[in-house]
Amino acid sequence: MSISAKELAAKIHLSPATVSMVFNNRSGVSEATKKIVLEAAKKYDYVPSKTSALGKWAIQLVIYQKHAMVVSDTPFFLQVIEGVTQECSEKNGIVNISYLTGSSDVQQQIKNLSSMSGDGMILLATEMSREDFNILQGLEVPVVVLDCYYDDLDYDCVVINNSQGAYCAADYLVRMGHRRIGYLHSSVSISNFAERAAGYQKALEAYGISVEERYVLRLSPMSAQGYQDMVRILEQKPELADAYFADNDIIAAAAMKAFREYGYRVPEDISIVGFDDMPLCDIMNPPLSTMRVDKRQLGRTAVKCLLTRMNGEKHGKMKIALQTALVCRESVLDVKEE
C-alpha cells in the first residue's frame, strides 16, 4: 500500500510542502533535495496524488468560528473567500474549505485538518484570541493567518490596516466640524476591534479631543442583538454624542435603526461613519459613510503570501496590512457650513 506525502516527508526529515513541491515541479527546491525525495518515493512506494499528477497544488482555507458572532455568511467574509478561491484558480491551484469551531474537541479537529492533503493553510482567524493559536502547534505545512494579528505570532499575517481606517474615520468627523465624537464599540472583543479603538483614540488625541467613556456605547456585532442593545441604551435617555464611529457597518446599521425609532435624525442630529463598506451601506436611509476594505484583495494577498512560503522562500515573518479608503455618503453632517 502506498504511503502518504506526509509519511514520506517524515521518513526523510523534510516538510510535506517540500515533497509536494518536488512532484509539482515547482521552483525553490535544490537538485540534491529533489534527488532525495525521488529516491525515497521509489524506495517507499510513494504514489503522487492526482492533484500532483495534474501539476496542481492544493491548500486548505480554514475558517475559525469561536462563537460565530463576527464570522458568518455576510458579504464581507463571502468576498474574502471569493478572493482566496479566485487567486488559487488563476494560479492553477485548488482550495479546500474547512471550518474549525471553538468547541471542546478542537484538538481532534486540528488532528483531522493535519491528516488532510494540502501544501499549505490559510487560517481565517478573525475570532481567534492569542491563546487560541496554541492549537496550531505541530502543524507541518506553511500557515498564513488572515484577518488577525498579535505581536508575538510566529506566522505571516495578512490583515486590514484597522488603526489607519479608524483614524481616518474619526479624522473625517473632526474635519466636518464635530467635536463630541462617540464610539459604537463592539461588545465582542477581537483583535480588529481593539486596533480600531486605538486608531479612533489616536485621531481624537491628535486634535486635543478627549475620549469620553460616556460616549462609548457597546453593542453586539450581530444585527438584531446590536439593535436591541441600542434600544436598551436609548431607553435610559443618555446624553449622546453629535457623531459616532462604528466598529463595523452592521453595528452602524443597528444603531441607526434604533436612533430613527427614538426620534433622532441621521445626519441632522447624529452623524455616523461605519467600517467595511458592505453592500447594505448604499441602500440604508441615509446611505452610510464608511471605510472601504478591499475584501477580495485581502483573500488574494493571503494566497500570494502563502505561495512564497510553499515555494521555500526564506525570509522573516511578515505582516501585510491593506489600507482602507474613506467613502463619503450621506450619514455625516458638515457642521462647518452651519
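Which residues in helix 7 are buried? In this predicted model, they are Asn162, Gln164, Gly165, Ala166, Ala169, Ala170, Asp171, Tyr172, Leu173 and Val174.

## Helix 7

Let us stay with this helix for a moment. Helix 7 covers residues 162-175, and 10 of its 14 residues are buried, so that the helix is mostly covered. Cys168 belongs to another class: this residue is partly exposed, because its relative accessible area is 28%.

The length of helix 7 can be checked too. At 1.5 Å a residue, the 14 residues should span 20 Å, and the end C-alpha atoms are indeed 20 Å apart, which agrees. After the helix comes Gly177, whose phi is positive, near 100°.

## Helix 12

The same check can be made on helix 12, which runs over residues 295-310. Its 16 residues should span 22 Å at 1.5 Å a residue, and the end C-alpha atoms lie 23 Å apart, which agrees. Helix 12 is mostly covered, with 13 of its 16 residues buried. Just after helix 12 there is a glycine to look at: Gly312 takes a positive phi of about 80°.

## Strand 8 and its partners

Strand 8 is made up of residues 243-246, and both of its faces are covered. Ala243 and Phe245 are on one side, Tyr244 and Ala246 are on the other, and all of them are buried. This fits a general pattern: in a regular strand the side chains alternate between the two faces of the sheet.

Which strands are joined to strand 8 by bridges? One is strand 6 (residues 181-186), which runs parallel to strand 8 and is joined to it by 4 bridges. Within this pairing, Leu184 has Ala246 of strand 8 as its bridge partner. Another is strand 9 (residues 271-273), also parallel to strand 8, with 3 bridges between the two. Here the bridge partner of Phe245 is Val273 in strand 9.

Strand 7 (residues 216-219) is worth a look as well, since Val216 lies in it. Is Val216 buried or exposed? Val216 is buried, because its relative accessible area of 11% is under the 20% cut-off. Val216 and Ala246 are 30 residues apart in sequence, and their C-alpha atoms are 10.0 Å apart in space.

## The cavity

How many cavities of 30 Å³ or more are there? The count comes to 1. The largest cavity has a volume of about 50 Å³. Its lining is formed by Ile63, Gln65, Val71, Ser72, Asp73, Phe77, Ile81, Tyr99 and Leu124.

By character, the lining residues divide into 6 nonpolar, 2 polar and 1 charged. Strand 1 (57-65) and helix 5 (75-90) each supply at least two residues of this lining.

## Cysteines

A disulfide is a covalent bond between the sulfur atoms of two cysteines. How many disulfides does a search of the whole structure find? The search finds 0. Cys157 is in no disulfide, and the nearest cysteine sulfur, that of Cys148, is 7.1 Å away; a disulfide would need the two sulfur atoms within 2.5 Å. Cys157 is also buried, with a relative accessible area of 0%.

Terms used. Residues numbered from 1 in each chain as written. Predicted model: local features only at pLDDT ≥ 70, side-chain atom pairs only at ≥ 80, totals over all residues. Heavy atoms only, no water. Buried < 20%, exposed > 50% of the residue type's maximum accessible area, 1.4 Å probe, protein only. Expected span 1.5 Å × (residues − 1). 1 Å grid on protein atoms, 1.4 Å probe; cavity = no way out; pocket = protein on both sides within 12 Å on 5 of 7 lines; lining within 4 Å. Points joined across faces, edges and corners; volume = space filled by probe spheres on them. Nonpolar A, V, L, I, M, F, W, Y, C, P; charged D, E, K, R; others polar. Pairing = 2+ DSSP bridges.
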